[in-house]
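Trainee: I should like to learn how to read burial, strand pairing and core packing from a set of coordinates. May we work through an example together?

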Amino acid sequence: MFERVCTTDDVWVGELIAFDVASRKIILINVEDKFHAYDAQCPHQDQSLCEGSLEGTVLTCPAHQWQFDVTTGLGVNPTGCKLKAYALKIEADEIYVDAEQTPEKPKQHEPSHEHHQ
Ligand code: FES
């Protein structure tokens with residue numbers, strides 16, 4: 001279920017803010033004027049990313065300096081890990097996050113139509 005977290009004016013470009021959504025801690029990031037919502041638990045040892053530092057598109061975990069590309073959630077250093085992303089929508093400048101839904105909901109048993117050439 002989508003929950004309203006804040007307005008688009010509350011999170012400036014290059015900013016990271018932590019919110020509680022459905023009793024989960026999430027981080028909301030505005031990078032290059034696009035918003036992303038991720039679980040605040042680092043995939044390394046579950047430390048909080050709420051105090052992580054954001055430089056450009058790279059978020060660094062304060063615990064052991066793992067780094068993630070916040071446009072994709074993928075690990076930059078090391079690679080092979082991923083932040084857990086949540087679905088996010090913006091309606092009339094209000095940001096809503098669904099902490100039970102990932103951004104691209106996997107479709108069930110549907111043949112792939114993704115290879116257009
Ligand atoms: S818990 Fe984040 S890098 Fe170790």
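Trainee: Is Leu59 buried or exposed?

Mentor: Please keep in mind that this is a predicted model. To judge burial, one counts the other C-beta atoms within 10 Å of the residue's own, and 20 or more make the residue buried. Leu59 has 25 such atoms within 10 Å and is therefore buried.

Trainee: Where does Leu59 lie, and which residues is Leu59 in contact with beyond its neighbours within four places in sequence?

Mentor: Leu59 belongs to strand 6, residues 58-60. With neighbours within four places in sequence set aside, its contacts are Leu49, Gly52, Leu54, Gln67, Phe68 and Val70. Val70 is 11 residues away from Leu59 in sequence, while their C-alpha atoms are 6.4 Å apart in space.

Trainee: In what order do the strands of the sheet that holds strand 6 stand?

Mentor: Strands of a sheet pair through backbone hydrogen bonds, either parallel or antiparallel. Here, four strands form an open sheet in the order 5-6-7-8, with antiparallel pairing. Strand 5 (53-55) and strand 8 (75-77) each have a single partner strand, so one side of each lacks a neighbour in the sheet. On average, neighbouring strands of this sheet are turned by 30 degrees against each other, direction ignored.

Trainee: How many bridges join strand 7 to strand 8?

Mentor: Two bridges join strand 7 (residues 67-69) to strand 8, and the two strands run antiparallel. Within this part of the sheet, Phe68 faces Gly75 of strand 8.

Trainee: Which strands stand at the edges of the sheet with the order 1-10-9-4-3-2?

Mentor: That sheet is open, has six strands and is paired in the antiparallel sense. Its edges are strand 1 (3-7) and strand 2 (15-21); each has a single partner strand, so one side of each is without a neighbour in the sheet. The twist from one strand to the next averages 30 degrees. Strand 1 pairs with strand 10 (residues 94-98) over four antiparallel bridges, and Cys6 stands opposite Ile95 in strand 10.

Trainee: Which residues of the largest nonpolar core touch the most other members?

Mentor: The core has 26 residues, and those touching the most other members are Ile26, Ile27, Leu28, Ala37, Tyr86 and Val97. Two or more residues each come from strand 2, strand 3 (24-31), strand 4 (34-39), strand 9 (85-91) and strand 10. Strand 3 gives the most, with five residues.

Trainee: What does Tyr86 touch, not counting residues up to four places away in sequence?

Mentor: Tyr86 touches Ile26, Ala37, Tyr38, Asp39, Val97, Asp98, Ala99, Gln101 and Thr102.

Note on methods
Residues are numbered from 1 along each chain as its sequence is written. This is a predicted model: local features need pLDDT of at least 70, side-chain atom pairs count only at pLDDT 80 or more; totals for chains, interfaces and linings use all residues. Two strands pair if DSSP finds at least two bridges between them. Axes are lines fitted to C-alpha atoms, for helices over the stretch in contact, and angles run from 0 to 180 degrees between N-to-C directions. A nonpolar core is a set of buried Ala, Val, Leu, Ile, Met, Phe, Trp, Tyr and Cys residues joined through C-beta atoms within 7 Å. A residue is buried if 20 or more other C-beta atoms lie within 10 Å of its own, exposed if 12 or fewer, and partly exposed in between; C-beta atoms are placed from the backbone. Two residues are in contact if their C-beta atoms, placed from the backbone, lie within 7 Å.
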